[in-house]
Amino acid sequence: GAYPPGTQPPIVQPPGAYTNQVPPGQKGASQMMPMPSGIPDCPPGLEYLAQIDQLLVHQQVELLEVLTGFETNNKYQIKNSLGQLVYFAAEENDFCNRNCCGNMRSFDMKIIDNLGQEVMNLYRPLKCTGCCCPCCLQELEVMAPPGQPVGYVIQTWDLCLPKFTIQNEKKEPVLKIIGPCCVCNCCSDIDFKVTNLDETETVGKITKQWTGLVRESFTDADNFGIQFPMDLDVKIKAVMLGACFLIDYLFFEKNNN
């Protein structure tokens, strides 16, 4: 077949291929990662995660927050290693919760794909803070699609190190996350290792990236890198993305109270 005048045949890409084409009418816009197809038993919208082994999470600078000091809803761009946009994340919260509870606030985080569809929802319940009290541990639920749990991030009590357990939808432990003894932004990246359950093998990491003195001093807009095995279950990759947000709020979100 021929195609109607003024139209072009569709571009068929092999699995794993990426395009550098910017959508028409969006000059200078972020390049978008095309959705892979033909991935069995994959929750809708998580197909992107099947073909990548790392994500870049860039929090957007909110001018109103910089100028007034009032906490605004966080927004993030989530990209692959080529810089192509995979998802957009937006916190949904009210003014009182954001500015009274600070970085310990509860939140709903909506994850939107390049088609504008909500493919994930992250829910963090409000819990009291208390690093020395085992009853005040943080948690986060990951749903994909919204309403369908695929896993959980559960803080694990430890006297010296920040630790978390990644659980599947049945609340069975799958992986662990171990942070450094001192979580301090001091002109360098900060790694949270992702290990097997007995903590003998590192299989990935979540890295808080140093963004420069000015940005670190005057904003709480953070950049993260997430690395995981290519063949890891896409549901667990989604839970690791949720763990990145929980870590951001717990350790790197400025508390203005």
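The legends below describe an overview and four close-up views of a predicted model.

**Figure 1. Overview of the predicted protein, with its four helices and 12 strands.** Of the 257 residues in the protein, 43% are buried. When contacts between residues at least 6 apart in sequence are considered, 44% of them join residues at least 24 apart. The accessible surface comes to about 12900 Å², and 57% of this area belongs to carbon and sulfur atoms.

**Figure 2. Close-up of Glu-91 in strand S3 (residues 85-92).** Glu-91 counts as buried because its relative accessibility is 4%, which is under the 20% cut-off for that term. The side chain of Glu-91 makes a polar contact of 2.8 Å with the side chain of Arg-105, and a polar contact of 2.8 Å also joins the side chains of Glu-91 and Tyr-249. Leaving aside neighbours within four places in sequence, the residues in contact with Glu-91 include Thr-72, Asn-73, Asn-74, Arg-98 and Phe-107.

**Figure 3. Close-up of helix H4 (residues 234-252) and the largest nonpolar core.** The 19 residues of H4 reach 26 Å from the first C-alpha to the last, which is close to the 27 Å expected at 1.5 Å a residue. At the start of the helix, a side-chain oxygen of Asp-233 comes to within 2.9 Å of the backbone nitrogen of Lys-235. H4 is mostly covered, with 17 of its 19 residues buried. The largest nonpolar core has 51 residues, and those with the most contacts inside it are Tyr-87, Ile-111, Ile-206 and Phe-245. H4 gives the most to this core, contributing 14 residues. Not counting residues up to four places away in sequence, Tyr-87 touches a set of residues that includes Leu-46, Tyr-76, Ile-78, Ile-111 and Val-119.

**Figure 4. Close-up of Tyr-76 and Phe-245, which form an edge-to-face aromatic pair.** The whole structure holds eight aromatic pairs. In the pair shown here, the rings of Tyr-76 and Phe-245 lie 4.7 Å apart, centre to centre, with 65° between the planes. The pair links distant parts of the chain, since Tyr-76 is in strand S2 (residues 75-79) and Phe-245 is in helix H4, 169 residues apart. Tyr-76 is buried, with a relative accessible area of 0%, and Phe-245 is likewise buried at 0%.

**Figure 5. Close-up of the edge-to-face pair of Phe-164 and Phe-251.** The ring centres of Phe-164 and Phe-251 are 6.5 Å apart, and the angle between the planes is 85°. Because Phe-164 lies in strand S8 (residues 163-168) and Phe-251 in helix H4, the pair ties together parts that are 87 residues apart in sequence. Phe-164 counts as buried at 2% relative accessibility, whereas Phe-251 is partly exposed, with a relative accessible area of 28%. Phe-164 and Phe-251 belong to one aromatic cluster together with Phe-192, Phe-224 and Phe-252.

Definitions and conventions. Residues are numbered from 1 along each chain as its sequence is written. This is a predicted model: local features need pLDDT of at least 70, side-chain atom pairs count only at pLDDT 80 or more; totals for chains, interfaces and linings use all residues. Side-chain values use heavy atoms; hydrogens and water are left out. Helices (H or I, at least four residues) and strands (E, at least two) are DSSP runs, numbered from the N terminus. Buried means under 20% relative accessible area, exposed over 50%, partly exposed in between (1.4 Å probe, protein chains only). Contact means heavy atoms within 4.5 Å. Accessible areas come from the Shrake-Rupley method with a 1.4 Å probe; for residues, only the protein chains shown count as cover. A polar contact is a pair of N or O atoms within 3.5 Å; within protein, one must be able to donate a hydrogen and the other to accept it, and residues adjacent in sequence count only if both atoms are side-chain atoms. The expected span of a helix is 1.5 Å times one less than its number of residues. A nonpolar core is a set of buried Ala, Val, Leu, Ile, Met, Phe, Trp, Tyr and Cys residues joined through side-chain atoms within 4.5 Å. Rings of Phe, Tyr and Trp (its six-membered ring) pair if their centres lie within 6.5 Å; planes under 30 degrees apart count as stacked, over 60 as edge-to-face and the rest as tilted.
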